[in-house]
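Grab a coffee and open the viewer. Below are some short exercises, each with a worked solution to follow step by step.

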Amino acid sequence: AVDRYSFPHLHPSSPTTSPSPSILEHALAASEEAGLPDIAVSPSQGKYLQLTARLARAKNILEVGTLGGYSTIWLATSTPNVKVTSVEVDAHHAEVARANIKNAGLEDRVEVRVGPGIEVLPRLVTEIEEGSRQRFQFVFIDADKENNWNYVDIAIGMCEPGACIIVDNVVQKGRLAKESDDPRIAGARRVVENIGKEDRLDGIVVQTVGEKSYDGFLLVIVK
Ligand code: SAM
C-alpha cells in the first residue's frame, strides 16, 4: 500500500518524467503477453536502482538478468549518456527485452548479450583488457542466485574504484538468516559471507518491504 501510494507522487506522469510511466507499463504488459514470469523489480525498486546509479555517477552499467528489460529501462534512464550492458541466458527473454528497450527509445544506450552470465562476464573482462570496453561504475546482479558470489567476484575486476554493486533478492522473506539446502538461499548467504572477507569490498544488506514482497538488496562498494 505504501509503494502504491508513494510511487505515483514520486514518479508522476509529466513530460519530464523519465522513463515515462506509460513506457514502464508497456514493458510490463508486453512481457506478460510474451509469457515472461512476473519477477521484475517493483516500480519503487526500479526507481531506487535508477537513483543509486545516478549517485554512483555511472557512465557504464552492467546488469546480469535482463528478463523483459524492465530494470534495464530504469538503469538506462539514470543519466542521458549512460551505457548499459545486460546479460540474459534466455534468448526469448532477450528478444522481448530488446523490443521493450526499443519502444522506450533506449536502443542506443543498451546492449543485451545472450548467454549464461558465468560465460559472458569473462568475455567482458577480456574486452576491458583489450581496451574495446570501458570499466563499470554500477553493477546490478539479478539472475541465477547460485552464482551471486561468482558474478560479484568477476565484476570486481571490471569495476572502477568507488563502483556500486547491487545484488537483488538476498533476504527472501528473512530466509537469509537460516542455513538452508535451497540453492537460492545458499547463494544469498555465500555472497553476504564473502563480502566481509574480501578487502576490496564494503557492503550492507538493505531490507525492503514493498508491493511485491519482503526481500532486500545487498549494497556493495568497490574500494
Ligand atoms: N532484472 C530483471 C528486472 O527486474 O526487470 C529481472 C530479472 S529475473 C529476476 C532473472 C533473469 O535472469 C531471468 O530472465 C532469467 O532468464 C535470467 N537468468 C537466469 N539464469 C541466468 C544465467 N545463468 N545467466 C544470465 N541470466 C540468467
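**Exercise 1. Work out whether Gln-172 is buried, partly exposed or exposed.**

Solution. Keep in mind that you're looking at a predicted model. Start by counting neighbours: Gln-172 has 18 other C-beta atoms within 10 Å. Buried takes 20 or more, and exposed takes 12 or fewer. Gln-172 is therefore partly exposed. Next, find its place in the chain: Gln-172 sits in the loop between strand 5 (159-167) and helix 8 (183-197). Last, look at the backbone, where phi of Gln-172 is near 45 degrees, a positive value in a residue other than glycine.

**Exercise 2. Do the same for Leu-67, then check its place relative to the ligand.**

Solution. Leu-67 also belongs to a loop, this one between strand 1 (60-64) and helix 4. Its phi is positive too, about 50 degrees, and Leu-67 is not a glycine. Now count: 26 other C-beta atoms lie within 10 Å of Leu-67, so it is buried. As for the ligand, Leu-67 is one of the residues that come nearest, along with Ala-40, Gly-65, Tyr-70 and Ser-71. They are part of a set of 19 residues around the ligand.

**Exercise 3. Describe the shell around the ligand by residue type.**

Solution. Sort the shell residues into classes and you get 10 nonpolar, five polar and four charged. Then ask which elements contribute: helix 4 (70-76) and strand 2 (83-88) each supply at least two residues of the shell.

**Exercise 4. Find out what Asp-142 touches.**

Solution. First locate Asp-142, in the loop between strand 4 (136-141) and helix 7 (148-156). With 24 other C-beta atoms within 10 Å, Asp-142 is buried. Leave out residues up to four places away in sequence, and the contacts of Asp-142 are Val-64, Gly-65, Ser-71 and Asp-168. Finally, try a distance: Asp-142 and Val-220 are 78 residues apart in sequence, and their C-alpha atoms are 14 Å apart.

**Exercise 5. Check the length of helix 5 and see what it packs against.**

Solution. Helix 5 (residues 91-103) has 13 residues, and at 1.5 Å a residue it should span 18 Å. Its end C-alpha atoms are 18 Å apart, so the two agree. The buried residues of helix 5 are His-93, Ala-94, Val-96, Ala-97, Arg-98, Asn-100 and Ile-101. These pack against helix 2 (21-33), helix 4, strand 2 and strand 3 (110-114). After the helix comes Gly-105, with a positive phi near 75 degrees.

**Exercise 6. Track down the cis peptide bond and the hairpin.**

Solution. The cis bond joins Ser-18 and Pro-19, with omega about -5 degrees. Pro-19 lies in the loop between helix 1 (2-10) and helix 2. For the hairpin, go to strand 6 and strand 7, which have four residues between them. Strand 6 (residues 201-209) and strand 7 (residues 214-222) pair in the antiparallel sense over nine bridges. To check the register, note that Leu-201 stands opposite Val-222 in strand 7.

**Exercise 7. Decide whether the radius of gyration agrees with a compact globule.**

Solution. For 223 residues, a compact globule would have a radius of gyration near 17 Å; the chain has 17 Å, so it agrees. The C-alpha trace spans about 45 × 45 × 30 Å along its principal axes. As for burial, 42% of the residues count as buried.

Key: Residues numbered from 1 in each chain as written. Predicted model: local features only at pLDDT ≥ 70, side-chain atom pairs only at ≥ 80, totals over all residues. Pairing = 2+ DSSP bridges. Near = placed C-beta within 6 Å. Nonpolar A, V, L, I, M, F, W, Y, C, P; charged D, E, K, R; others polar. Rg over C-alpha atoms; globule rule 2.2 N^0.38 Å. Expected span 1.5 Å × (residues − 1). Contact = placed C-beta atoms within 7 Å.
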